[in-house]
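Visitor: Please take one part of this model and give it a close look. I would like to see how its strands pair, and then how that part sits in the whole.

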Amino acid sequence: MTLVLDNVCRKVGAETHIRDISLTLERGSLNVLLGATLAGKTSLMRLMAGLDAPSSGRILVDGQDVTGWPVQRRSVAMVYQQFINYPSLTVYENIASPLRVARLPSAEVDARVQDAARLLKLEPYLDRKPLNLSGGQQQRTAIARALVKRADLVLLDEPLANLDYKLREELREELPRVFAASGAIFVYATTEPSEALLLGGNTVTLFEGRATQFGRTPLVYRHPQDLVTAQVFSDPPLNTLRASKTGSTVALSTGGQGPAAGAFAAAPDGEYTVGFRAHHLGFESTGRDEIAIPVKVSLAEITGSESYVHLSAGEHRFVALVAGVTRLQPGAAVTAYLDPRHVFLFDERGRLAAADLAKAA
Amino acid sequence: MTGTVAIGPSETKVSAAPLAANKAVPRPRVNGRVVVMTLYLLFLMLPIYWLVNMSLKTNTEITSGLTLWPQEITFQNYVTIFTDASWYSGYINSLTYVLINTVLSISFALPAAYAFSRYRFLGDKHLFFWLLTNRMAPAAVFALPFFNLYSAIGLFDTPWAVALAHCLFNVPLAVWILEGFMSGVPREIDETAAIDGYSFPRFFIKIFMPLIASGIGVAAFFCFMFSWVELLLARTLTSVNAKPIAATMTRTVSAAGMDWGLLAAAGVLTIVPGALVIWFVRNYIAKGFALGRV
């Protein structure tokens, strides 16, 4: 099936939760809703599911307007961030619940439940109550229930956010695989850019209830069409500063200047907001077309294989991601180097003005 | 002990000498907890014991002097109650309207509490609070209008009269208790059920009610108890056919003189149903008193 959101808005009281979103989700596609908390991911999912009705706009399934339809009539499955199961039923009955409602013959129910349980490694726990399971097993139960229904639209609202990271990695790999065979539209909400990249598929970036961009995930990551999208799709946060290009040189608002190479080469003279990701800021000069920025180290976070170096330059704050354990000490004044081929230039309205499309991101 | 007295008083407190001295002189140990608990139980149980005590005595023994236990145990009082229709029908009448009331209260309170717990509507918070105003007025205030109304429509002296009148107090209470329990169930469970395809009634009965079963039990218990012990409305709204046991007890006093033993036996039997219900919901009572908000 194809799910089309046509200029959908949702207002609750005076607040606008969803602002004029139009999307087309194709059969068998994996779609990631990426945005910070309160960006509207859950609101959008609830509209897709039919749990809430849009204030204006239409929702179409295979060309048919389903806007006012109750959720029971739609072919939808949903998994919440909280582990939602029926505490009074066993794991088996929890998974079987949508099939029981649909009055499938019990042999069919049993076959599907056993299949799902095997896929999600729940077989030993089928006779238990959900509250006697670990968090990961509870969430697997919820996922299994979404799976057995064979719904056309599967919505996963930050399903891994409450799990520890080992389980997350395991389940994140399994999830797309588990649902891929079903041919359903798969929608996955997350706050983490890295999760979107790992899942692949398409990404919708959401910001304050707006869909800022929709496209293939790597494409959105490498070619954000505006500043907000780039910010939503960057972790650690996108570094920004102001720069003005005159002729063949670029002068930065933080002080420092460099040759107008890379993204700057094609851009007309003028003022730009420069956005660049943390791993494109380094402390070693390569000697080619670089912009040098004088900065002060304010903090170094070491994860082991990488170091996040927090820097300040005037009132600007940057984060640099460098390999290995950094030896930079807080308070040290150093020079950071930025490769102009890896930057995005945004005009005063936040639209992408220029980027070296081959090298950006 | 004299040796330790010679040491300065401030040192006496920390030195081991007095402790050792105390150990050396054996004294009978009094366990404070046992004393307190014994006294507590004594005061708690004394009236009930006295009631049971009286119910097993003859009237002669009761009036002739103080005896701590029956000198001559008699079950005649109980036999009278179970064989005399004017007595046992009182229990049947009471139980009838109490059960009708409990069922009515819970079945009206369940959807109401669900609405208060799940939906936002105009004036919901005010309505929820003002539900309780029915409990603020004494029952006597409502006795007259109820009497007049029921006489007019032919409900007077039926179990339904009392059962409906008690709903005035019990429905709000049940709504408050159930709302607390329902709000403890995540809204997402309702939505998951809808997504799974459950119709609302089916979800409510199959999924939701088992989740708040203890709340329903507690609410039913409170309805039962309030209705069981309420005397004024029950007596005003009945005369002969639906006369509750409490009314039977008060009316019999003057008619046949003071039959102390019989009254005590009736009192004991009146405690039994409440005690039974409490036994069944004992684990949830505390949560019920907190209106489910624990």
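Guide: Start with β1(A) and strand β2 (residues 15-25) of chain A, which pair in the antiparallel sense over 7 bridges. Take A:Val4 as a marker. Its bridge partner in β2(A) is A:Thr24. The two strands form a hairpin with 2 residues between them. A:Gly13 lies in that turn and has a positive phi of about 60°.

Strand β1 (residues 3-12) of chain A also pairs with strand β4 (residues 56-61) of chain A. Here 5 bridges join the strands, and they run antiparallel. A:Leu5 is a good residue to click on: A:Ile59 in β4(A) stands opposite. So much for the hairpin and its neighbour.

A word on confidence. This is a predicted model. Chain A averages a pLDDT of 89, and 99% of its residues score at least 70. Among the elements of chain A, strand β9 (residues 202-207) has the highest mean pLDDT, 95. Helix α5 (residues 165-180) of chain A has the lowest, 81.

Strand β9 of chain A leads to another sheet. That sheet is open and has 6 strands, in the order β6-β7-β8-β3-β9-β10 (chain A). The pairing is mixed. At the edges are β6 and β10 (210-216) of chain A, each of which pairs on one side only. From one strand to the next, the twist averages 15°. Helix α4 (residues 135-148) of chain A packs on this sheet. The helix touches β6 and β7 (153-157) of chain A, and its direction makes about 170° with that of β6(A). Now go to the other edge. β9(A) and β10(A) pair in the antiparallel sense over 6 bridges. A:Phe207 stands opposite A:Arg210 in β10(A).

Step back to the whole chain. Chain A is divided into domain 1 (3-232) and domain 2 (239-355). Their C-alpha centres are separated by 37 Å. Where the two domains of chain A meet, domain 1 gives 7 residues to the contact and domain 2 gives 8. On the domain 1 side, 4 of the residues are nonpolar, 2 polar and 1 charged.

Look next at the end of chain A. Strand β20 (residues 344-346) and strand β21 (residues 352-355) of chain A run antiparallel, joined by 3 bridges. A:Phe344 stands opposite A:Ala355 in β21(A). This pair is a hairpin too, with 5 residues between the strands. A:Gly350 in this hairpin takes a positive phi near 85°.

Now the partner chain. In all, 17 residues of chain A are in contact with 14 residues of chain B. On the chain A side, β6 (76-79) and α2 (91-101) of chain A are the elements that give two or more residues. By class, the chain A side has 13 nonpolar residues, 4 polar and no charged ones. β6 of chain A, then, is both an edge strand of the open sheet and a contributor to the side that touches chain B.

Cross over to helix α11 (residues 187-196) of chain B. Its buried residues are B:Asp190, B:Thr192, B:Ala193, B:Ala194, B:Ile195 and B:Asp196. What covers them comes from both chains: the cover includes α1 (41-49), β6 and α2 of chain A, together with α7 (85-118) and α12 (200-211) of chain B. After α11(B) comes B:Gly197, with a positive phi near 110°.

Chain B is built from helices: 17 of them, and 0 strands. Of its 294 residues, 29% count as buried. Among contacts in chain B with a separation of 6 or more, 78% join residues 24 or more positions apart.

Chain B is also divided, into domain 1 (30-74) and domain 2 (85-289). The C-alpha centres of these domains lie 32 Å apart. Here 8 residues of domain 1 of chain B are in contact with 7 residues of domain 2 of chain B. On the domain 1 side, α4 (32-55) and α5 (59-64) of chain B each supply at least two residues. α4(B) gives the most to that side, with 4 residues. By class, the domain 1 side has 4 nonpolar, 3 polar and 1 charged residues.

Note on methods: Residues numbered from 1 in each chain as written. Chains lettered and ligands numbered in written order. Predicted model: local features only at pLDDT ≥ 70, side-chain atom pairs only at ≥ 80, totals over all residues. pLDDT = per-residue confidence, 0-100. Nonpolar A, V, L, I, M, F, W, Y, C, P; charged D, E, K, R; others polar. Domains from an automatic or database assignment. Pairing = 2+ DSSP bridges. Axes fitted to C-alpha atoms, helices over the stretch in contact; angles between N-to-C directions. Buried ≥ 20, exposed ≤ 12 C-beta atoms within 10 Å, placed from the backbone.
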